[in-house]
Amino acid sequence: MPSSYYIVNAARLPDLLQAWSKQGSLLCPQRKTDHAIQLATYSPVSDICPDYINLHMSPLDVLNGYEDVLFHWEGNERSYSASPPAAADSPLILYGVRPCDLAALDYLDVFYLAEYTDINYARRRQNLTVIGLNCNRPGQFCFCPATGTGPHAHSGFDLLLTPDDDLYWLECATEKGKTLLATLKDLLQPVSQDALRQRTAILEAECRASFDYLPDLTDIRKAALQGFAHKLWEEISPTCIGCTGCTAVCPTCTCFQCNEERLNATSGRRIRIKDSCQTEGFTRNAGWHNPRSKVAAVRYRLMDKLVYIEERFGKKGCVGCGRCIEVCPAGIDIRTIIDSLQQDCPPPEQCKPLPTCMPQRIPTQKDENLYTPHPARIVDISDEAPDIRRYVLRYTDEERAQRFRLSGQFFMVTVFGVGEIALSIPFGDQHGGMLEFCAKKVGKVTSALAELRVGDIVGLRGPYGTGFPYSSFEGRDVLIVGSGVGLAPVRTIIVRLLEERQRYGRIAVIASATRYEGLIYKEDLKKWGNLPGVSVQYALARPTDAVTAHVGYINDLLPQLAFDWPNARAVLCASPRRIKLVARDLLHLGMHARDIYTSLETHMRCGVGKCGHCKVGSHYMCLDGPVFTYEEMLQLPEEF
Amino acid sequence: MAGLATSFGSGAMTNSFAELAHSKCLFVIGSNTTVAHPMVGMRLIEGRRNGGRLIVADPRRTALAKLADIHLRLRPGTDVPLINGLMHIICEHGWQNSNFISTRTENFEELHDSLRQWTPKYVADVTGVPQDMLLRAAELYARSEASAIVYCLGITQHRCGVNNVRSLANLAMLCGQVGRAYTGVNPLRGQNNVQGACDMGGLPNYYPGYQKVEDCAARAKFEAAWGCTLPARNGLTTIEMMHALHDGHIKAMIIMGENPVVSDPDAGHAAEALSRAEFLLCLDIFPTPTTELAHMVLPGASFAESEGTFTNSERRVQRVRQAIPPLAGRTNSQIIAALSRRLGHVMPNDEPCDIFDEMCALTPIMAGMSHARLDTQSLCWPCPHQEHPGTPILHQTGFTRGRGLFAAIPHVPPAELPDEEYPFLLSTGMRHAHYLTGTMTRRCGILERELPELTADIAPADARRLNIREGARMRLTSRRGSIVSRMHITDSVPEGVIFAPLHFAEAMVNLLTCPALDPVSKTPEYKISAIRLEKV
């Protein structure tokens, strides 16, 4: 793409805007009655703000809007259909985007368009033309030179203007930019690239010199990770009043929550609205367990901006716009936090080893129906335990039912009009199109699911996530531990192993619960225990007459298994605390941490790495997990 | 309000919010400011960042208490002993401001005599606050260049609420920490416009601008202005009205934007009283448990559909401008005017600016205000004439009543304390996600997700003893009622205390609360009731 370079008389800017407004919906910075600078629709009489520090809200606010329709549905319990929103977005032109926000857009493109492409963003992005405007003076809270994202932009725009007294330097970087300039040749005076670069470099240096406070972000990953347990987190978290202003204004905050809206008795839609990791409800699950404390939540936002986003996406998570500092009523200032972390970073010889487990990004997959569930009929329901039911589902689209091949680890299950939850896949590949799920009645969606009957329709998206690596289990002894509903995710592996029983060594299953009645798959467990070379044991807190059971901990049962431990494989599905206790004993017995597998099922909401709820460090549990080795698990921050 | 009005002659916040960020010492008592008044909490945090010292007196270890230089973790209901104890220490050490006392106040001897019994040792025994902390707090408050007191419902929602407030007024006058910038006695109001409602005469004993109903001259002025005869006696407070409705002395009631079925103490009583009304008319923007009992409900207008003024805690009158026309067709003032017309009195003005101008004409403290002036600035009353810049700081040269009035304040213990049968002390309040009875905030998805059901705080030791797990549901029972709540284990509450928010109509904490009232202000003792916990 050959770039092109011009100068424009500043007095002709209105003519440019006027011309651009004919090529699409043009939004320009305008000063509102509350003095906020907002992107608003251009009109020849609108009061374009020529000089401003920054837009009050980032362009993401305009791009995603407050609510964003994921799909519409129509029907009733017996016949639902769902469809993605019609693609009818018209060309949108944003004028006056500052370099920090251009850098944010650079990250957003990587975040939204890769892995599972966010179709809503992709559609709007395709129609978007961005005209950047370089800065000539810093605001009180700006620190973009520290993050390397300003005060001049070097990528992320279609056109870029640099103000220089009574003229603008204009750089065109893309075909979209060219289209905007095509009819304006008489307003533009071409210049050489060198001329533009030389002059803008001087202007940038002048602006850069006028920042009076810049934090040092050199090697911030090291300082931040070393400072994970820094006392400053305990100090600032009580000052945070949970207003969520920081995440509302951040140009790289993308987390969302889904709301179900009923339009009338037989139709509705799912919309997403901006969510915030600074709320408790963001990570708290239906059973009221919250893996993130207040301190952890405050720390997570800053670690995400400074470390996690860059670890995963290779782009700056913080672009130095300073909006979160300006908006915080408690004066939480990312700049001073960076300073403290840097200042207290221990010398190299005292540093703890940094995590080496980096997420592998999955290949880009584009699916117009990414957020739209496919209808499936409930063909059977059976009670597994008090409050736990097994549902057998089959896609209503028979072709899909037959074509479907198992992969991954969980499905997103929708009860139309109520909501969506992640459910593990407790069946093997020989399912014949019958998909079985187990759900405990805990929250809103599982309660609604419990009301449904055979013949009713639910929605399915998936399967998603990484499953267990069956092939690596071949020829080895395999231990499978499931605690309570934790047995659901490991059932897959039991069934898979038993389908090809001869390939593996001894198989031991330990099922654990408070009471025997609380276990799921009771009949399956009995059946499996009768197979040759398979042992099934129970570790219960309360005695039972139903089966022979050990009253005590899972750990008590391990030594007597007499496995070939150094070559064995283990799958642990339990609370993180229990996983650690069992894994510690397994390591003592001679197992390797990389041979112990766990399934970390945390509050997955969208299933495709976009909503942000299940992010732990730089890993999305729904993309990179939920299956992790114990070795990997130990490297994750303990917030799952 | 009654307490401060008796001591100073005015019941409102003496200073302004912005000043708090520059006080040398902030004494916050009975206020979970960062949760209940976040915008004021922000000033307090800013004040602390600016080097101001922070004293928090609260039985709970709130987020603000965690930031405090001194956290006085007093036993619930021992505010008067605490403040008397601080004043005892101040007098012992000669830290009082004798000049201020002699030139600006009266009746000091009565207070001074009453302090004798409140020795540090005795106060430590009664309040549970160690003596050295009392000493440090007393010195910090008395000797700082500018100390401000901030209080809220933790002080007033007791049967001794007026006493608590008068004690704080005593303390401020004793040290001369009032009438100057960055000082004062600052009650925080619970709503954006509760101060405005009081200013407007929404009280049983006042006309607009705190002109007394029982003052013949004031009454004559309003009778002349409104062209009607006005009652010569004070009216009833809301709680008294509920009793009168219950007993049949009141037959009909109009309720605007309130939800007493959920918010009144001993809530079963309020519901019972309202269902006895021969005619109950409610005006609200959403259905509530109260509107369910109404014979007729009129659709009210929200803030966004309203034109007029709001007056916040710091007596600052600000314009609110209509953003959208009323969805239901009428503004609240149009509804009131229409009701008045049908009841036989035609109100001459129904344009918000005319109503406001009428009020300013009849109200000396707001005589200098008008919509025109407020269009470009906000003004704190008193603002007696057109050129007056408003008064962010009250009592600068003299108190509103002349001299500040000291009084000996006795300790009145709470009406209902824990006993063997009901061993826990229940205190009520707010969480940050919801506002009052939740009629608005519980309709907002993310706020509702943040706190979808009643969650009560319990101390770790109590939880261990009763074998309660985080998030478990328990039954909370008092002598008046019983509800089920999730339990949250936190060291923010002391042992023996349960804290529960009042936001939930389906689990009304006010079914449990004690109906004891302050004898003067009639404010209920929401902060202290005895309950027991049982497994569900």
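What percentage of the 536 residues of chain B count as buried? In this predicted model, the answer is 49% of the 536 residues. A residue enters that count if 20 or more other C-beta atoms lie within 10 Å of its own.

The overall dimensions of chain B give a helpful setting for that value. Along the principal axes, the C-alpha trace of chain B spans about 65 × 60 × 40 Å. Secondary structure in chain B amounts to 22 helices and 21 strands. With a radius of gyration of 23 Å, close to the 24 Å given by the globule rule for 536 residues, chain B is therefore as compact as a globular protein of that length. Turning to contacts in chain B with a separation of 6 or more, 70% of them come from residues 24 or more positions apart.

The domain assignment divides chain B into four entries: domain 1 covers 2-188, domain 2 joins 190-235 with 307-386, domain 3 covers 238-299, and domain 4 covers 424-535. Between domain 2 of chain B and domain 4 of chain B, the C-alpha centres are 36 Å apart.

A closer look at one sheet rounds out the picture. Three strands of chain B form an open sheet in the order β12-β13-β14, and their pairing is antiparallel. Its edge strands, β12 (308-311) and β14 (379-380) of chain B, each pair on one side only. Four bridges link β12(B) to strand β13 (residues 316-320) of chain B in the antiparallel sense. At residue level, B:T309 has B:R319 in β13(B) as its bridge partner.

Note on methods:
Residues are numbered from 1 along each chain as its sequence is written. Chains are lettered from A and ligands numbered from 1 in the order in which they are written. This is a predicted model: local features need pLDDT of at least 70, side-chain atom pairs count only at pLDDT 80 or more; totals for chains, interfaces and linings use all residues. Domain bounds come from an automatic or database domain assignment. Helices (H or I, at least four residues) and strands (E, at least two) are DSSP runs, numbered from the N terminus. The radius of gyration is taken over C-alpha atoms; the globule rule is 2.2 Å times the number of residues to the power 0.38. A residue is buried if 20 or more other C-beta atoms lie within 10 Å of its own, exposed if 12 or fewer, and partly exposed in between; C-beta atoms are placed from the backbone. Two residues are in contact if their C-beta atoms, placed from the backbone, lie within 7 Å. Two strands pair if DSSP finds at least two bridges between them.
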